[in-house]
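Me: Hey, can you walk me through this structure? I'm new to this, so plain words please.

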Amino acid sequence: MITCFIRYEIEPTQRADFEHYARTWGQCIPRCGAEFIGYFAPHEGSATLAYGVYSLPSLAAYEAYRARLAEDPLGRENYAFAQEKRFIRREDRAFFKLASGRTT
């Protein structure tokens with residue numbers, strides 16, 4: 001299992017737009033085949049740092065998931081929403097495997 005962490009730098013005055021975006025991914029991500037862990041918006045400290053987190057069995061499964069997500073009508077709508085509103089300044093993805101805890 002691999003876990004994808006998406007680190008976002010967002011416009012602090014548009015947190016509500018990011019939260020709408022996050023809730024929409026909460027619908028799309030599981031439907032397209034990933035285990036949705038959650039999206040996290042700023043609360044205390046940084047006003048611009050946010051995260052999205054989900055898991056998949058492998059990088060090959062990730063590629064198939066991304067293809068399904070690109071074809072998902074709500075997913076396409078959410079991408080367009082982010083482009084239109086421009087609340088994401090930067091987005092980076094990193095993939096991790098669990099190094100402690102459960103191994104199954």
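Me: Okay, where is Arg-86 found?

Reply: Arg-86 sits in the loop between H3 and S4. Those labels come from DSSP runs numbered from the N terminus, with helices (H or I) of at least four residues and strands (E) of at least two. Before we go on: this is a predicted model, where local features need pLDDT of at least 70, side-chain atom pairs count only at pLDDT 80 or more, and totals for chains, interfaces and linings use all residues. Residues are numbered from 1 along each chain as its sequence is written, and side-chain values use heavy atoms, with hydrogens and water left out.

Me: Is Arg-86 buried or exposed?

Reply: Arg-86 is exposed, at a relative accessible area of 64%. The cut-offs are: buried under 20% relative accessible area, exposed over 50%, partly exposed in between, using a 1.4 Å probe and protein chains only.

Me: And what is phi of Arg-86 near?

Reply: Phi there is near 55 degrees, which is a positive value in a residue other than glycine.

Me: New topic. At what angle do the axes of H2 and H3 cross?

Reply: Helix H2 (residues 59-71) and helix H3 (residues 73-85) have axes that cross at roughly 80 degrees and come within 5 Å. That makes H2 roughly perpendicular to H3. An axis here is a line fitted to C-alpha atoms, for helices over the stretch in contact, and angles run from 0 to 180 degrees between N-to-C directions. As for the wording, under 35 degrees is roughly parallel, over 145 roughly antiparallel, 65 to 115 roughly perpendicular, and the rest oblique.

Me: Which residues in H2 and H3 meet?

Reply: On the H2 side they are Arg-66, Leu-69, Ala-70 and Glu-71, and on the H3 side Pro-73, Gly-75, Arg-76 and Tyr-79. Contact means heavy atoms within 4.5 Å. Sorted by class, the contact of H2 with H3 has four nonpolar, one polar and three charged residues. Nonpolar covers Ala, Val, Leu, Ile, Met, Phe, Trp, Tyr, Cys and Pro; charged covers Asp, Glu, Lys and Arg; the others, Gly among them, are polar.

Me: Leu-69 caught my eye. What does Leu-69 touch?

Reply: Leaving out residues up to four places away in sequence, Leu-69 touches Trp-25, Cys-28, Cys-32, Gly-75 and Tyr-79. Leu-69 counts as buried, at 2% relative accessibility. Leu-69 and Trp-25 are 44 residues apart in sequence, with their C-alpha atoms 9.7 Å apart in space.

Me: And what about Thr-24, buried or exposed?

Reply: Thr-24, in helix H1, counts as buried at 7% relative accessibility. Not counting residues up to four places away in sequence, Thr-24 touches Leu-74 and Asn-78.

Me: Switching to rings: how many aromatic pairs are there?

Reply: A search of the whole structure finds 16. Rings of Phe, Tyr and Trp (its six-membered ring) pair if their centres lie within 6.5 Å; planes under 30 degrees apart are stacked, over 60 edge-to-face, and the rest tilted. Take Tyr-21 and Trp-25: their ring centres are 5.7 Å apart and the planes sit at 80 degrees, so this pair is edge-to-face. Tyr-21 and Trp-25 are four residues apart in helix H1, separated by about one helical turn, and both are buried. Phe-81 and Phe-87 make a tilted pair, with 5.6 Å centre to centre and 50 degrees between the planes. Phe-81 and Phe-87 are both buried.

Me: Which residues form the aromatic cluster?

Reply: One cluster takes in Tyr-8, Phe-18, Tyr-21, Trp-25, Phe-36, Tyr-39, Tyr-79, Phe-81 and Phe-87.

Me: Last thing, how many salt bridges?

Reply: The count comes to six, where a salt bridge is a side-chain nitrogen of Lys or Arg within 4 Å of a carboxyl oxygen of Asp or Glu. One joins the side chains of Arg-89 and Glu-9, at 3.1 Å from N to O. Arg-89 is in strand S4 (residues 88-96) and Glu-9 in strand S1 (residues 2-10), so the pair ties together parts that are 80 residues apart in sequence.

Me: How exposed is Arg-89?

Reply: Arg-89 is partly exposed, with a relative accessible area of 42%, and Glu-9 is partly exposed at 26%.
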